[in-house]
Amino acid sequence: MPSISHQTLIISIQAVASEIRNLRAALAEGDAEPEEYQLLEDWQHAADDLERAYDEAARTVLNLPPYDELVGG
């Protein structure tokens with residue numbers, strides 16, 4: 001896996017989580033286009049990848065915030 005800083009990983013997780021929340025809100029309101037369902041799935045795959053990378057980093061890096069805190073959960 002390419003190496004990125006822990007701060008970049010954290011910011012990426014937060015940005016992806018925000019986009020997922022926005023897409024879910026649009027879908028819930030019925031304001032979404034059909035392709036947004038696929039887009040949500042793509043963003044969710046990215047979130048899953050980032051969570052795996054974060055879990056791996058958390059094994060060796062001290063003082064990382066809990067993942068759920070980053071995603072607003």
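Q: What residue follows H1, and what is the sign of its phi?
A: Glycine 30 follows H1. Its phi is positive, near 80°.

Q: How do you know what may be claimed here?
A: This is a predicted model, where local features need pLDDT of at least 70, side-chain atom pairs count only at pLDDT 80 or more, and totals for chains, interfaces and linings use all residues. Residues are numbered from 1 along each chain as its sequence is written, and side-chain values use heavy atoms, with hydrogens and water left out.

Q: What makes H1 a helix, and how does its reach compare with the expected span?
A: A helix is a DSSP run of H or I with at least four residues, numbered from the N terminus. H1 covers residues 6–29, which is 24 residues. The expected span is 1.5 Å times one less than the number of residues. That gives 34 Å; H1 reaches 35 Å from first C-alpha to last, close to expectation.

Q: Why is the pair of tyrosine 54 and tyrosine 67 called what it is?
A: Rings of Phe, Tyr and Trp (its six-membered ring) pair if their centres lie within 6.5 Å; planes under 30 degrees apart are stacked, over 60 edge-to-face, the rest tilted. Here the centres are 5.8 Å apart and the planes stand at 55°, so the pair is tilted. Tyrosine 54 lies in helix H2 and tyrosine 67 in helix H3, so the pair ties together parts 13 residues apart in sequence.

Q: Are tyrosine 54 and tyrosine 67 buried or exposed?
A: Both are buried. Buried means under 20% relative accessible area, exposed over 50%, partly exposed in between (1.4 Å probe, protein chains only).

Notes. Helix = DSSP H or I, 4+ residues; strand = E, 2+ residues; numbered from the N terminus.
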